[in-house]
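Trainee: I am new to this structure, and I would like a close look at one part of it. Could you pick a spot where two elements meet and walk me through it, then show me a little of what lies elsewhere?

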Amino acid sequence: MEPAEGIRPRVAVSSCLLGAPVRFDGGHSRDRFLTAELSEHVDWVPVCPEIEIGLGAPRETLRLERSADGPRLMTRRTRADLTAPMTALAAGRVAGLADVDGYVFKSRSPSCGLHGIPVYGGESGPADRRGRGVFAAAIAAARPELAIEDEGRLHDAVLREEFVERIFASARLRALLAGDWRPRDLVAFHARHKMQILAHAPAAYREIGRLVAAAGERPRDAPARDALARDYDRAFRTALATRATVGRHVNVLHHCLGMIGRELDPVRRADVAEVIASYGARRVALTVPIALLRHHARGAGVDYVRDQTYLSPYPDALRLRNHIPA
C-alpha cells in the first residue's frame, strides 16, 4: 500500500512550463520532468501572469528596475510600468490558489522568477542579481507555507525530492481537513506521518505531538475545531519545509528498525543495520534501506511501520530517492 492513497496534489505552474506558447517570443519552455513524469500524478493549475494582465505573445520584453518603493516591472522599449497591474493580479490570484499544494514558477523571469533576477539601476545602471519576480514575490509573501520552486532548481535531485514530498503531504492534509474530520482522525493522520516529520524537524516532531495529544481535550465546537486545524496545518507544513538530512534519515531508519527488529532474527536485523550504515556513509541511496524496511514491515505484520508515509511519501514511480547523497 502506498500512503499517498491515490490523492493527487493540485500544483500551480507557469503555463509556459507545460508547453503553452505564452513566452515573450511566442514560444514555450516545456519542462520534461513536469510534463513527462510529474503530470502523471498531479493536477496542474496553469498560470501566466503576463497574459492575464493583457500582454500578448509575442510581446515586448520586461525587466525589473530599482525605485524608492521597491523593484518596478518595466517594459524595456516603451518604458511602461506594469508593477501595479501585476501586483493587483497576484492579490486577486491568492484566493483562487487557496487549495493548491505547491507552485512551480518559471526561472529567470522578471514576473515569475524566484531567485537571482536582475534588478537594474535605470536605463544603464548596474544590476543587482538578487531580485525576485513581482508576481512570484507577491504569491510567496501571501502563502509563506506553500511549497514553491522554479523549474531550474527542480533539476537538482535533492530539491526535487523535497518539493514533491511536500506537495503530496500537503494534499493528504488538505483532503483530511476538507472532510468531516474529528480529533481522532487528526490523531490517526499524525500517527502515519510521525516518522516523516521526525526526518525533517525533531523539535517540531515533539511540539506537534503535544498539540495532537491535547486535541481530544479541546472543545468540540466548530471554532475550536477550526483553530486546531489551523494550528496543526501551520506546524505540519513548517516542519516539512525544514530540510531532511542524512543524519536525520539514519535516525528515522533506526527508529523503524527498532519497531520491526523484535520480529526479525539476528541475521536479518544485522543486514538492515548494515544497509542503514551504508546509507549513512553515503554509499547507497535511501531507497535501499527503505525497500528493506518496507519488505520486513509487511512480512512481519508490523502495521504501524508499514503504514508510515515516510516509507512511501509519494508514488514510487517518480524514483526520487534513487540518488546517493553527496
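**Two helices side by side**

Mentor: Happy to! Helix 7 (residues 202-213) packs against helix 8 (residues 222-241) at an angle of about 165°, and their axes are 10 Å apart. Axes here are lines fitted to C-alpha atoms, for helices over the stretch in contact, and angles run from 0 to 180 degrees between N-to-C directions. Helix 7 and helix 8 are therefore roughly antiparallel to each other, a label for angles over 145 degrees. Their crossing is left-handed, meaning that the near helix is turned anticlockwise from the far one by less than a right angle.

Before we go on, please keep in mind that this is a predicted model, in which local features need pLDDT of at least 70 and side-chain atom pairs count only at pLDDT 80 or more, while totals for chains, interfaces and linings use all residues. Residues are numbered from 1 along each chain as its sequence is written, and side-chain values use heavy atoms, with hydrogens and water left out. Helices (H or I, at least four residues) and strands (E, at least two) are DSSP runs, numbered from the N terminus.

Now look at who touches whom. From helix 7 come Ala 204, Ile 208, Leu 211 and Val 212, and they meet Leu 228, Asp 231, Tyr 232, Ala 235, Phe 236 and Ala 239 of helix 8; contact means heavy atoms within 4.5 Å. Nine of the residues in this contact are nonpolar, none is polar and one is charged. In that count, Ala, Val, Leu, Ile, Met, Phe, Trp, Tyr, Cys and Pro are nonpolar, Asp, Glu, Lys and Arg are charged, and the others, Gly among them, are polar.

Strands are worth a visit too. Strand 5 (residues 102-105) and strand 8 run parallel, joined by four bridges; two strands pair if DSSP finds at least two bridges between them. One of the partnerships links Phe 105 to Asp 150 in strand 8. In a regular strand the side chains alternate between the two faces of the sheet. Along strand 8 (residues 147-150), Ala 147 and Glu 149 point one way, Ile 148 and Asp 150 point the other way, and all are buried, that is, under 20% relative accessible area with a 1.4 Å probe, protein chains only.

There is also an open sheet of four strands, in the order 4-3-6-7, with mixed pairing. Strand 4 (72-75) and strand 7 (128-131) stand at its edges with a single partner strand each, so one side of each has no neighbour in the sheet. Strand 6 (residues 117-120) and strand 7 run antiparallel and are joined by two bridges, and Val 119 has Asp 128 in strand 7 as its bridge partner.

Key: Angles under 35 degrees count as roughly parallel, over 145 as roughly antiparallel, 65 to 115 as roughly perpendicular and the rest as oblique. Buried means under 20% relative accessible area, exposed over 50%, partly exposed in between (1.4 Å probe, protein chains only).
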